[in-house]
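Student: Please take me through this chain, from its overall build down to a single residue.

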Amino acid sequence: LLVSGSKTLITSGARADFVVAAVRTGGPGAAGISLVLIDTDAPGFTVTRRLAKMGWHCSDTAELGFSDVTVPAEHILGERAGFAALARHFVTERLSLAVTGYATGQRCLDLAAAWSKERSTFGRPLAQRQVIRHTLVEMHRQVDVARRYTRWVAARHAAGESVIAEAVLAKQTGAAAGTFAADRAVQLFGGIGYLRDSEVERDRKSV
């Protein structure tokens, strides 16, 4: 099997010893996709470039190139209809990202709530102002909904149910909750929230 083409936005692609690539080995559509194990030392494989990102600097992301990379037939993983296996694998990845999203949101909520009690403006703590309380409640609502939905989907997955679509929704819900909470936390912290020394600034870039 000769593999040619390129892949982009590949997590850990710059430091992997092996990559599992979705390769077209058959006809059009999802049925023609196979999962193939490729040695990154194989001739024709290159890390075209490392991609700089807005956040999540601890996780490298790369663009990979394949130029007639020879892959033994036994390195085709499972049946040639590999897209279904890929979709099933994405369930656990999407659930983990959902957890990362709502957990980041919870941390931002905790920090913002504590700050709102400590920070005073015009003689009163921020936490005594109605608009601030409304913001904190909405942060809590979104984080709690994401947490409960994600755990419900995870429990169904652990019980052996097919939750491919639900995992997609959980990832979106968790990521949206984390983004909202981090953004509002930066706003509540004011100018301090934009400084690199501020934890909420780092959280905002990571979601």
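**Build of the chain**

Tutor: In this predicted model, the chain holds four helices and eight strands. Their order from the N terminus is β-β-β-β-β-β-α-β-β-α-α-α.

Student: Is the chain compact or spread out, by the globule rule?

Tutor: For 207 residues the globule rule gives 17 Å, and the radius of gyration of the chain is 22 Å, well over that value. The C-alpha trace spans about 75 × 40 × 25 Å along its principal axes. The radius of gyration therefore makes the chain more spread out than a compact globule.

Student: What percentage of the residues of the chain count as buried?

Tutor: Buried here means under 20% relative accessible area. Of the 207 residues, the share that meets this is 37%.

Student: Where is the kink in α1 centred?

Tutor: Helix α1 covers residues 83–118, 36 residues in all. From first C-alpha to last it reaches 52 Å, close to the 52 Å expected at 1.5 Å a residue. The helix nevertheless has a kink of about 25°, and its centre is V91.

Student: Is S116 buried or exposed?

Tutor: S116 lies in helix α1. Beyond its neighbours within four places in sequence, S116 is in contact with P125, L126, A127, I132, L136 and L188. Its relative accessible area is 0%, so S116 is buried.

Student: Which residue's backbone oxygen does the side chain of S116 reach?

Tutor: The cut-off for a polar contact is 3.5 Å. At 2.8 Å, the side chain of S116 reaches the backbone oxygen of A112.

Note on methods: Residues are numbered from 1 along each chain as its sequence is written. This is a predicted model: local features need pLDDT of at least 70, side-chain atom pairs count only at pLDDT 80 or more; totals for chains, interfaces and linings use all residues. Side-chain values use heavy atoms; hydrogens and water are left out. Helices (H or I, at least four residues) and strands (E, at least two) are DSSP runs, numbered from the N terminus. The expected span of a helix is 1.5 Å times one less than its number of residues. The bend at a residue is the angle between axes fitted to the seven residues ending there and the seven starting there. Buried means under 20% relative accessible area, exposed over 50%, partly exposed in between (1.4 Å probe, protein chains only). A polar contact is a pair of N or O atoms within 3.5 Å; within protein, one must be able to donate a hydrogen and the other to accept it, and residues adjacent in sequence count only if both atoms are side-chain atoms. Contact means heavy atoms within 4.5 Å. The radius of gyration is taken over C-alpha atoms; the globule rule is 2.2 Å times the number of residues to the power 0.38.
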